[in-house]
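Colleague: I should like to learn how to read the features of a protein model. May we go through one together?

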Amino acid sequence: MSIERIKTSKPETDRAEDDTKVRGIVEAGLKDIEARGDAAVREMSQKFDNYAPESFRLTQGEIEGLMSRVSARDMEDIKFAQTQVMNFARSQRDSMKDIEVETLPGVILGHKNIPVQSVGCYVPAGKFPMVASAHMSVATATVAGVPRIVAATAPFKGEPNPAVIAAMHLGGAHEIYALGGIQAIGAMAIGTESIDPVHMLVGPGNAFVAEAKRQLYGRVGIDLFAGPTETMVIADDTVDAELCATDLLGQAEHGYNSPACLITNSRQLAEATMAEIDRLLDLLPTAETASASWRDYGDVILCDTHEEMLQVANDMAYEHVQVMTDRDDWYLENMHSYGALFLGPRTNVANGDKVIGTNHTLPTKKAGRYTGGLWVGKYLKTHSYQKITTDEAAATIGAYGSRLCMLEGFVGHAEQCNIRVRRYGGKNVAYGTAAE
């Protein structure tokens, strides 16, 4: 086995220092929101976004006014993308069935899938107005049947972005707030004088948003722990360097710390891709951001075989994995740790991000080893129930339960079973002993 790192990203220790600084800022911000509510939220919005209107919640008139500024073509595109996302979410929802089974005569077990009762959907817009994120969080929550959907987005260049607001409204948001960053996450989760708290937070965001969700987890539910966008290209010599370089830089422009990795079994493709990246960075308008990501968080890994490539990819467990090889379906069958797969040169991550229908809120930082991304099922809680309908079943299950409780030393538990054995089975079980 031979795995060669032709280009390596900066050490994890350097990244840990950045994480520590973010953690402290977020902790202080959340404590302030809890202590001072709306006043703290207003001060933070003024400080970080230079934005402090009379009310952060948009009125119906304000929403309609912003939507009127979205061009007909853009509105058509938003509706098309939202339809794709909602159609796929409905198919996913239809796959989740409530069940009820009779496991023994008179013993009925079941479960119900119940929507979370309120959710806060964060849609980034400070640097780039992430219109598509509204589809992924708000529209999917609508399909799940969430009764109260709160949406928040940072002001973009001094005001709410009209296209983002349109997507939130069309997606089914019941409350829309022009709030960004820590102040939005804290207000939705903790609650203030003017904003009722939610039960769950979803949606991507910068390092401060991600850390705020992490610190609030437990107090509220979250979709997942998300870090900077990650992209991986797995490629062999069936594709060219221009395609690989374009797909790597397309995600590296998200932020200065967005990891991008090429895994290949072709040295020629590896070297050509690095050269092509340098050429494209001279043309790309977002090169300042993308070049920083590639310089500090870019990896090029050369393997001998597809089996080695698969092993490395599963170990790294990246968020987006673009597969362009002579055996794409083999990777689909054997990949087990990732956010989402994009199979074949005709497919690309940008389609998944914006329009094709799958959700783009995905696990990062190796979380793909234990969780998938945001989907309609994240908004649903599966609750079990039990029912015994005959005296015989109550006595039979009760006797087993009595003995198993006593085996563990739980006498009070055993009495819950014993009283049923006495009443429904007609057996005289001495108090505090196991049923026969």
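**Reading a surface and a sheet**

Modeller: L104 is partly exposed, as its relative accessible area is 44%; buried means under 20%, exposed over 50%, and partly exposed in between (1.4 Å probe, protein chains only). This is a predicted model: local features need pLDDT of at least 70, side-chain atom pairs count only at pLDDT 80 or more, and totals for chains, interfaces and linings use all residues. Residues are numbered from 1 along each chain as its sequence is written, and side-chain values use heavy atoms, leaving out hydrogens and water.

Colleague: In which strand is L104 found?

Modeller: L104 belongs to strand β2 (residues 99–104). Helices (H or I, at least four residues) and strands (E, at least two) are DSSP runs, numbered from the N terminus.

Colleague: How should one read the pairing of strands?

Modeller: Strands of a sheet pair through backbone hydrogen bonds, either parallel or antiparallel. Here, six strands form an open sheet of mixed pairing, in the order β1-β11-β10-β9-β12-β13; two strands pair if DSSP finds at least two bridges between them. β1 (3–7) and β13 (340–343) are at the edges with a single partner strand each, so one side of each has no neighbour in the sheet.

Colleague: In which sense do β9 and β12 pair?

Modeller: β9 (residues 231–235) and β12 (residues 320–324) pair in the parallel sense, over five bridges. T231 has H320 of β12 as its bridge partner.

Colleague: Which strands does helix α10 touch?

Modeller: Helix α10 (residues 267–281) packs on the sheet and touches β1, β9, β10 (260–264) and β11 (298–303), where contact means heavy atoms within 4.5 Å.

Definitions and conventions
Axes fitted to C-alpha atoms, helices over the stretch in contact; angles between N-to-C directions.
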